[in-house]
Each structure stands twice: as structure tokens, then as C-alpha cells.
Amino acid sequence: MNLTRHIPSLPLLVALLGSATLGLSQSMASDLATNQAKPVRILNAHLGELPGLINADKTGPFVDLVRAIDDLHPDVTIRITIYPIARAMAGVINHKADLGLPAIRNLKDVDMLPYRFSTRSFGKVAHVIYSNTANPVTTDMAYGIVPTERDLLIEAVPDYMPFSVQRSMSIEQSLRKLSRGRIDAFVWAQEEADLMLKNLKLTNIHREFFGDFEDVFIIQKGASGDETDEFMSRSIDQLAASGKLAEIYNKIHRPYVEWQPVSPATTKPPSSSP
């Protein structure tokens, strides 16, 4: 028998192999397209530098919080940039950032602000009013409940306070001015200001509990802000349910701790000093 009749010609064999290879390539390309990740949504986070909590090298528990939110969503990338606090806020106001930290909710004249606060808070932060030991200023004095002989010059973040204050340009600068008697009081979150107070070794500063405020994000106003707000609320709820939020927040803020800066040469600090 002549077997050569049953063997395809060389051109035909090449054509058949080429057709099979082409079909396999198209199938692989289709599978690859199906398995490709969704387009990544980019969110820009501008964080104001707070030594110990938001460091210039992108470390600190506030940064950890934003990264934990980022880790929840494979289809979202949150780009973190560290700026001075005022510039971080400006990024949100100018729509260069989708969200910003740090911030505390202030319910007074909130509609007049050029940004909005996130609906969902992620914790409460104790604030302290600092004053010079030569002329202590109480919380009631700051609110005007107890009258003073003159208007008090208080530094803080204007948008966050329910009364008129002068903007603090930095924690260090405000505490130094307070120590020299150039301002009457300074209001800030306990951990951030206490850390700087200890680093500066200032002993003529008086501390008093000012109040608890909700820790929140600042976000843009408008439709874009609505979308970001929904995303952040959902993310915070997920972190809270997993226990991760409490783990991170315990490194950020604690309940108010009573202590006073004193000179080691005169009096030992109380045992409850942090």
C-alpha cells in the first residue's frame, strides 16, 4: 500500500499548525484580558506633619490608618503625601487631594468652611488648653463663661474651634510663644502637643482638659466629596468590625491624662505622668 497518500503535504501541515497556534494564542489573550485587574482608582491623601503621629518619612499611626484603608480595596490606591498642616488642608480645598488629616469635627458654622468633615468619625481625641503658669487660662475662660479683663489671644486651628482664635503655624512655635508670654493660651490634641512639650523641656506651662472632639477626615465638597465620604465610611466600618481600627487608634489618641510639667530640680513628676 502506498502510505504517502495519507500524509498531508508540507504546506498543508504548516497551515494546520499555524491555525492551531493562532487559536491557542487568541484563547490565552482572552483569558488574560478576563483575569486582568480592574482599573485602579487613585485617591490622593494629604497628611499634615505631626511628629510621632504623621512623620515626614510617611510613618506613624495616622499613616498606618490610611494604609489600612488602602489595603482593604485592591481596586483603589491611596497616594500619601506629607505636608505642613495648613498646606495639607489647602490641598483638599483646592481639589488637589481627596482627603486630609488631621482634623476634628467642629459643628459651628460648618457650612461656611471650604471643605467638609467625613460623616464617619474614627475616634475621639482629648484636647488640652495650655497656658503660662504665671497667668493660667481655664477652659471656661476660653469659652467666655468666666470673664477676663481683656480678650484672650489663643492659638489653635481656627476652623476647629467654636470661638475666635489665631492660627497656630506649628505646635513648637505656639508652645515657645506661650512660654515667653507672647500669647495667652494654646489648644491642641493631647498626644501631639504633650510630645512637643516634653521635647522642649518647658516647665512654665500649665495644662487643663479642654474637651473631647471627634477625629475625622476632611474631604472635598460636592459630588466628588460625596463619593469619597461614602468610601471612607464603609472603610472605617470594615476596620472597626475587624478590630484593626481599635488596634491602630490606641497608638494615636488616649483619654485625657492629668499631669503638669514641673522642674526636676524642684518637684518630681507625678506617677501618672505619661
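The following paragraphs lead through the two sheets of this structure, the helices beside them, and selected side chains. The model is a predicted one.

We begin with the sheet that contains strand 1. This open sheet has five strands in the order 2-1-3-10-4, and its pairing is mixed. Its edges are formed by strand 2 (76–83) and strand 4 (116–117); each has a single partner strand, so one side of each is left without a neighbour in the sheet. At one of these edges, strand 4 pairs with strand 10 (residues 218–219) in the antiparallel sense, over two bridges. Within this pairing, phenylalanine 117 stands opposite isoleucine 218 of strand 10. Two helices pack on the sheet. Helix 2 (residues 61–72) touches strand 1 (41–48), strand 2 and strand 3 (99–101), and its direction makes about 165 degrees with that of strand 2. Helix 3 (residues 85–93) also packs on the sheet, where it touches strand 1, strand 2, strand 3 and strand 10; the direction of helix 3 makes about 150 degrees with that of strand 1.

The other sheet to consider is likewise an open one of five strands with mixed pairing, here in the order 7-6-8-5-9. Strand 7 (166–167) and strand 9 (205–215) stand at its edges; because each has a single partner strand, one side of each lacks a neighbour in the sheet. The partner of strand 9 is strand 5 (residues 123–132), and the two run in the antiparallel sense over 10 bridges. One of the residue pairs here joins histidine 127 to its bridge partner, glycine 211 in strand 9. Helix 6 (residues 190–200) packs on this sheet and touches strand 5, strand 8 (185–189) and strand 9, with its direction at about 120 degrees to that of strand 8.

Strand 9 also holds phenylalanine 210. Is phenylalanine 210 buried or exposed? Its relative accessible area is 6%, and buried means under 20%, so phenylalanine 210 counts as buried. Leaving aside neighbours within four places in sequence, its contacts include His127, Val128 and Ile129, as well as Thr139, Ala142, Tyr143, Met161, Phe163 and Val187. Phenylalanine 210 and glutamine 190 are 20 residues apart along the chain, while their C-alpha atoms are separated by 9.6 Å.

Helix 5 (residues 171–179) contributes buried residues as well, namely Ile171, Ser174, Leu175, Lys177, Leu178 and Ser179. The cover over these buried residues includes strand 5, strand 6, strand 7, strand 8, helix 6 and strand 9. Just after helix 5, glycine 181 takes a positive phi of about 80 degrees.

A contrasting setting is found at isoleucine 145, in the loop between helix 4 (139–143) and strand 6 (154–156). Isoleucine 145 has a relative accessible area of 60%, and because exposed means over 50%, this residue counts as exposed. Together with Tyr143 and Val146, Ile145 makes a nonpolar surface patch of about 280 Å².

We turn finally to charged side chains. Side chains of opposite charge can pair when their charged atoms come close. In the whole structure, 12 salt bridges are found. One of them joins arginine 116 and aspartate 229, whose closest N and O atoms are 3.3 Å apart. Arginine 116 lies in strand 4 and aspartate 229 in helix 7 (residues 223–242), so this pair ties together parts that are 113 residues apart in sequence. Aspartate 229 is buried, with a relative accessible area of 8%. Arg116 and Asp229 also belong, with Asp226, to a network of salt bridges.

Other salt bridges lie within one helix. In helix 7, glutamate 230 and arginine 234 are four residues apart, about one turn of the helix. The closest N and O atoms of this salt bridge between glutamate 230 and arginine 234 are 3.1 Å apart. Glutamate 230 is partly exposed, with a relative accessible area of 45%, and arginine 234 is partly exposed at 35%. In helix 8 (residues 244–249), lysine 244 and glutamate 247 are three residues apart, again about one turn of the helix. Their side chains meet in a salt bridge with an N to O distance of 3.8 Å. Lysine 244 counts as partly exposed at 34% relative accessibility, and glutamate 247 is partly exposed at 41%.

Terms used
Residues are numbered from 1 along each chain as its sequence is written. This is a predicted model: local features need pLDDT of at least 70, side-chain atom pairs count only at pLDDT 80 or more; totals for chains, interfaces and linings use all residues. Side-chain values use heavy atoms; hydrogens and water are left out. Patches are made of residues with over 30% relative accessible area and no salt bridge: like charges are joined within 9 Å, nonpolar side chains (Val, Leu, Ile, Met, Phe, Trp, Tyr) within 5 Å. Accessible areas come from the Shrake-Rupley method with a 1.4 Å probe; for residues, only the protein chains shown count as cover. A salt bridge is a side-chain nitrogen of Lys or Arg within 4 Å of a carboxyl oxygen of Asp or Glu. Buried means under 20% relative accessible area, exposed over 50%, partly exposed in between (1.4 Å probe, protein chains only). Two strands pair if DSSP finds at least two bridges between them. Contact means heavy atoms within 4.5 Å. Axes are lines fitted to C-alpha atoms, for helices over the stretch in contact, and angles run from 0 to 180 degrees between N-to-C directions.
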